[in-house]
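Here are a few exercises to try with the structure open beside you. Have a go at each task before reading its solution.

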Amino acid sequence: MSDHPAGNIEVSDRVYLAGGHSGVETPLRGRADVTAAVFAEVLSAVTGTGRPVLLRGGPGMGKTRLLAEVLSFADGRHWRTLTVTPDVDSSAVPLGALVDAARRSQPPIITDADLKPVLSGSEPQYWVTRVLADALERAATDAGGAVVIVDDLQWLDVASLTVLLTLAGATEDQPIAWVFATRPGRYRPAHTRVVSRLTAAGLPLDLPALDPGAVREIAADIAGGRPGPKLEEALSHTASIPLLVVELVRGLREENLLRTDGGVVDAVGPGVPARFGASSRERIDHLSAGALHLVQVASLFGRTFDVRLVLDAAGRTAADSAAAFHELLTGDFLVADGDAMSFVHDTVREAAEASIPTPLRKPMLRDVIRLRLAAGEPASAVAAALTEIADPGDSDSFDLIRRAAEQLAASDSAQAADLAEAALNLARHVPRLAQDAAELLPYLWADGRHAEADAAAAELAPYLSPQARARSLLAIARRQTESSFDQAIATCDAALAMAGVERSTRAELLAVRALNCANKADFVELVRTLALAREVADPEVDHLALATVDATDSVYAFNSGRFDDAVRLIEAATERASSAGLDPARWVPEGLWAAFLYNSMGAADYALTLVDAGLSAVRRARAVVAEAYWMMIRARVLYDLGRLDEARLQAEAVLALAEELGLGDFANATAGIVLFRVSLHTGDGQARARSLPIVVELAAGPGVTKAGRWMLALDAIDRGRWADAVDLAELARASLDEPVPAMTTPSDFSDDLTLLDLALRTDDAATAAAVISRAQTRHRQNPSSPFSEAIALAVRGRAQADREAIARAAVILRGLPRPLVLARVLEQCDLVDGDDEHAVAFLEEALSVYESHGAVRDASRVLQALRARGVRRRPRAHGGPQLLSAREQQVLEHLMAGATTQQVADALFMSPHTVVSHIRHIYAKAGVNSRAGLREWDARRRSRSAPAP
């Protein structure tokens, strides 16, 4: 991606919006209700909390003119503005139109210095979002408000659409208004998604054809008098579309076909000017030959173009083209701004392009593409045109289209796949292109075009060496790992079955196969594949393959109850990853396993140390995807440490980040489950509402079904629906003896306590015996593991009504950083001990633990148990709803000092998403929903707490 994705052409953000005029010539007619609604929503957004506005209408319906009115409305109040006006070519340039609009706003919203490190690094879409969010916050604060205007939403690239949707949501509490305009109809899926979201959460407004009165008013404004009968008859040809009304009357006026008599303006002759046409094509046809040639060439450069490039492509000089450009400018075809020009409307550019004779189109496109590339435009900007003109076997076009697919792959998988298909078509039956073409197959897989990928692979196979075919299949298998474990294994098997594949490639294939066997919990095949991988791989060379093998083997060892082996293997894996040149902190998800492992073994405090070290490393490297993964495990570790408020906050933040980055099941299976479990402990209705759909989706999906169903079983237990819980726990019961996580992923041994309790309550002796055997075997295999010993004692104590065993388990757990597990074990005394004194003492200790960690629902359950034993205890007072935590107070202080979200994140060494989660919780406690409301609340709070004079 270049530093300036759209090349070097810059046009003022106001020129196109103003339709080529320095000021609005005539009043806006027929849109009073729509204009009032837009202005009201914009004012509400800037002064309070408003919704984004979505204007929908076909070409020429006046969307752009209405946006110009919004721009004028904002200018009158001295608000900052950002105007994004993409054209049809913008869809192929990731972030191009959006970034250029921010750069050319006056003053610029962001600068080249802001952009250089962002666009040249990894995850540019995420970092552009962060930079723009911070810049918009600062601009809105400094000016008292800001308005973001986006015209022709349908032409925006997928990355820009995603950024804008994220920004609109992230700044809903800021004095920033959002106004979008789009044509109706079906475009790309990302456009449909954005329009659906804006329609649901914003104010959608449709622009219909004008009423007859408005049509007459527009005609009168332009003609200078009330329309006469012939002019009214001519107006009937416009279908009441504003652009056509303007075009018709201006055409009559410029061709001297209007006559004024007594304040009435009427048409002379037939009433329809020669330049008028429903699609502007007739206007184009009436241009002089010189002007027609220039406008045709210009149309191939897009809406905005460099005049010098058009002259080069047309073979003309500036001097001999002056008259033709004058004709185009005065005839409202083009508008000038510095060295660049723009078409006044997309309908004009489309008409000019359509007028190019078919035999000339390809040669002209070739010349234009050559000049655009030489001017620095990215390959993706011209790829669509290349696919139109390239012939099979055209190596140069193939290379450019392949490069364009690579540029788009990270932000727009569908368009990258389209280009990959186009390049593959050029390479069909061309042996010299086959190997490079094979590298495009993963793009088809990434977009779900499995049949097309398989067909292309079969077609390329005769021209590829076995090694090249195997490398291609390896890349596909890696992609398939994200969507289908079975398909990934089958692809690896197909490659491994070929003769002539190099040993190192076979080692990599076996490593990917092992990873997928582990993912699908096929431990028989996993053991076999791990053995094969170790037999094939060279320890001195195949560091990366063996790192994945060791990490996968570590997971298997842990699930098999061999903790020491698991630790040894993950340490070896980390060393191998370093030897392969990888930063272990950025090796995800394998690099996370050490922290997961120690956390699951009961050393949550040490796991948190590993996590925070990993987070610091990836934040320094600005590796945001790795940061998201470390945040996911941090949510799990905080939960296991009993830090429920922090765990909830971290889970909310990471789910928002994962959504922005397009991460899936891994985030849901970690942060989503943490948020759900927190809601069960605290009774937090908002957390439950956010996380329950995630859990339901996991339970129904193919990847982490057991974990999802176990969460639903916990919910059923919490509600006393024992039959439902038994049904939902069936998968857990069935896999107790297998070396896989039976419930939570990775395993949490304390789940054994819950499953045992469910079995005992429902008279399921077989399951109870299996749970006891599982816990005892785990402890027997790992006699030095205190957490395993505590769980084995607690399980036996509960099953055999052995108070001494439970007491011993509690003693061990008091020395471990798992407070909620300790409290759960202490509660068991109420179920097995008839000695009121001992039971009450254990229950009161459990109550203290729950209350000190904010587990309100758990504390309520213990209070009920105490009351059943005749002991009355008052719930601990937690303060009023406006009591802020220490971290929230820090965030508030920075906000009140005028810091932006990013500045707060930098000052407090946290993710912006975590800051946003803090702010939302502060809003809830303060009873406000905007930064302005928060300032008023804080002022009142300080006034009340100030000492009396």
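**Exercise 1.** This is a predicted model, so start with a helix pair: work out how helix α33 and helix α34 are oriented to each other.

*Solution.* Begin with the axes: those of α33 (residues 665–682) and α34 (residues 685–700) come within 8 Å and cross at roughly 135 degrees. That angle makes α33 oblique to α34, because only angles over 145 degrees count as roughly antiparallel. As for handedness, α33 passes α34 in a left-handed crossing.

Next, look at who touches whom. On the α33 side you'll find D665, N668, A669, G672, I673, L675, F676 and S679, and they meet A687, R688, R690, S691, L692, I694, V695 and L698 in α34. Sort that contact by class and you get 9 nonpolar, 4 polar and 3 charged residues.

**Exercise 2.** Do the analysis again for helix α29 and helix α30: at what angle do their axes cross?

*Solution.* The axes of α29 (residues 593–600) and α30 (residues 604–620) cross at roughly 165 degrees and come within 7 Å. The two helices are therefore roughly antiparallel to each other. Their crossing is left-handed.

For the contact itself, A594, A595, Y598 and N599 of α29 meet A604, Y606, A607, L610 and V611 of α30. The class split is 8 nonpolar, 1 polar and no charged.

**Exercise 3.** Now the sheet: in what order do the strands run?

*Solution.* The order is β2-β3-β4-β1-β5, in an open sheet of 5 strands with parallel pairing. At the edges sit β2 (80–84) and β5 (203–206), each pairing on one side only. From one strand to the next, the twist averages 15 degrees.

Zoom in on one pair: β1 (residues 53–56) and β4 (residues 176–182) pair in the parallel sense over 4 bridges. V53, for instance, has V179 in β4 as its bridge partner. Then add a helix: α2 (residues 63–76) lies across β1, β2, β3 (146–150) and β4, and runs at about 165 degrees to β3.

**Exercise 4.** Finally, find where pLDDT drops under 50.

*Solution.* Take the whole chain to begin with: its mean pLDDT is 87, and 94% of the residues reach 70 or more. Then check the N-terminal numbers: over residues 1–13, pLDDT stays under 50, and the model has 37 contacts beyond four places in sequence for them. Residues 274–279 are below 50 as well, with 24 contacts in the model beyond near neighbours in sequence. Where pLDDT is low, don't read the predicted coordinates in detail.

Definitions and conventions. Residues are numbered from 1 along each chain as its sequence is written. This is a predicted model: local features need pLDDT of at least 70, side-chain atom pairs count only at pLDDT 80 or more; totals for chains, interfaces and linings use all residues. Side-chain values use heavy atoms; hydrogens and water are left out. Two strands pair if DSSP finds at least two bridges between them. Axes are lines fitted to C-alpha atoms, for helices over the stretch in contact, and angles run from 0 to 180 degrees between N-to-C directions. Contact means heavy atoms within 4.5 Å. Angles under 35 degrees count as roughly parallel, over 145 as roughly antiparallel, 65 to 115 as roughly perpendicular and the rest as oblique. A crossing is left-handed if the near helix is turned anticlockwise from the far one by less than a right angle, and right-handed if clockwise. Ala, Val, Leu, Ile, Met, Phe, Trp, Tyr, Cys and Pro count as nonpolar, Asp, Glu, Lys and Arg as charged, and the others, Gly among them, as polar. pLDDT is the predictor's confidence in each residue, from 0 to 100.
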